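User: Please take a close look at how the helices in this structure pack against one another, and then at what else stands out around them. I am in my first year, so plain wording would help.

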Amino acid sequence: MSTGVNFNRDWIDVTSAVAESVADRLTADEDTNVAIIRRSILEETTKLKFNTVEKVLKRELFKRAAISSIVLDLHCDTDAIMHTYTHDRSWPEMQDLAVHLQSECNLLAPESGGNPFDEACSCPWATLMDNFEDRYPIKMACQSVTIELRGESDVYDDLAQRDALALFDFFADRGYVRPRSESLISPAITAFDVRSVLAEYPDKFSGLPLTGVDMIEGSRPANPARVATGFADRADRADRADRADRADRADRAGCFAQALLYVHPAEDPTLHRWCCLKS
């Protein structure tokens, strides 16, 4: 953005207002409580008035994302392996996403600081669960994940196709879309059977605590599955230069603008199967 602000930080937080609003309306039924809370999130967010483009964009995106069942925030790091971030209460529920993406590192934290987009969507549900745990049943109804699609220079058609199909297969496994037809795509790219993969590799897609993880500069480690980011070996730099140039062109073309994908578009906040995709 022209203001130079980090659009992935300082998101909206209406948790306190929502907690106060729903305190006398929650019931003994978990699904009913999800609908009540989603409606309150919409109401409290709509009340917010801003006079900057950044804040208005955040408000409008948050209104749709925080009431979604699944929120995927698509990023890439400077130079990285495929990895994810999510709330520790969204794990192992989101392990199937890691399998489809073949994510090499999955970092978990209740709150990492700075109120990034994914935590702004998921943390209110965790807080409400804590606030009302002895009185009303509330579930983690917004499973929000930040997906780091490797590094800025990892711009390849084959990687893009594989990642897109991984997301599609994840949605299909969850029942949001029909499974893809193998006749419409390269047979070399097949869908993963999540249960079989986890049975064969029980430790490969584990969740790691985010505490203590930081950017690492140096050679790519021998076991990259245990770190989130790293710099590639120097010998790989020549090949990556061309990819970096393509990444710069894609950035200038606006390929990284905010976007929404509704698998089940609707205006009714009581729907329990919404998806929001932000890039």
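Analyst: In this predicted model, start with helix 1 (residues 15–22) and helix 2 (residues 30–47), whose axes lie 9 Å apart and make an angle of about 125°. An angle over 145 degrees would count as roughly antiparallel, and 65 to 115 as roughly perpendicular; helix 1 is therefore oblique to helix 2. The crossing of these two helices is right-handed. On the helix 1 side, the residues in contact are Ala17, Val18, Ser21 and Val22, and they meet Ile36, Ile37, Ser40, Ile41 and Glu44 of helix 2. Sorted by class, this contact holds six nonpolar residues, two polar ones and one charged one.

A second pair to look at is helix 3 (residues 53–65) with helix 5 (residues 117–131). Their axes come within 10 Å and cross at roughly 45°, and helix 3 and helix 5 are therefore oblique to each other. This crossing, too, is right-handed. Helix 3 contributes Leu61, Phe62 and Ala65 to the contact, while helix 5 contributes Phe117, Ala120 and Cys121. By class, the contact of helix 3 with helix 5 has six nonpolar residues, with no polar and no charged ones.

Helix 5 also takes part in a pocket. The second largest pocket has a volume of about 210 Å³. It is lined by 15 residues, and those closest to its centre are Asp13, Glu111, Cys123, Pro124 and Thr127. Helix 5 supplies the largest share of this lining, seven residues. The lining of the second largest pocket is mixed in class: six residues are nonpolar, four polar and five charged.

Two details of the backbone fall in the loops on either side of helix 4 (95–101). In the loop between strand 2 (83–86) and helix 4 lies proline 92. The peptide bond that joins tryptophan 91 to proline 92 is cis, with omega about 10°. The other detail is at glutamine 102, in the loop between helix 4 and strand 3 (105–108). Glutamine 102 has a phi near 55°, which is a positive value in a residue other than glycine.

To go back to the packing, both pairs of helices are worth viewing along the crossing. For helix 1 and helix 2, look for Glu44 among the contact residues of helix 2. For helix 3 and helix 5, look for Phe62 and Phe117, which are among the residues that make the contact.

Note on methods. Residues are numbered from 1 along each chain as its sequence is written. This is a predicted model: local features need pLDDT of at least 70, side-chain atom pairs count only at pLDDT 80 or more; totals for chains, interfaces and linings use all residues. Side-chain values use heavy atoms; hydrogens and water are left out. Axes are lines fitted to C-alpha atoms, for helices over the stretch in contact, and angles run from 0 to 180 degrees between N-to-C directions. Helices (H or I, at least four residues) and strands (E, at least two) are DSSP runs, numbered from the N terminus. Angles under 35 degrees count as roughly parallel, over 145 as roughly antiparallel, 65 to 115 as roughly perpendicular and the rest as oblique. A crossing is left-handed if the near helix is turned anticlockwise from the far one by less than a right angle, and right-handed if clockwise. Contact means heavy atoms within 4.5 Å. Ala, Val, Leu, Ile, Met, Phe, Trp, Tyr, Cys and Pro count as nonpolar, Asp, Glu, Lys and Arg as charged, and the others, Gly among them, as polar. On a 1 Å grid over the protein atoms alone, a cavity is a set of points where a 1.4 Å probe fits but cannot get out, and a pocket is an open set with protein on both sides within 12 Å along at least five of seven lines; lining residues have an atom within 4 Å of a point. Grid points are joined across faces, edges and corners, and a volume is the space filled by probe spheres set on the points.
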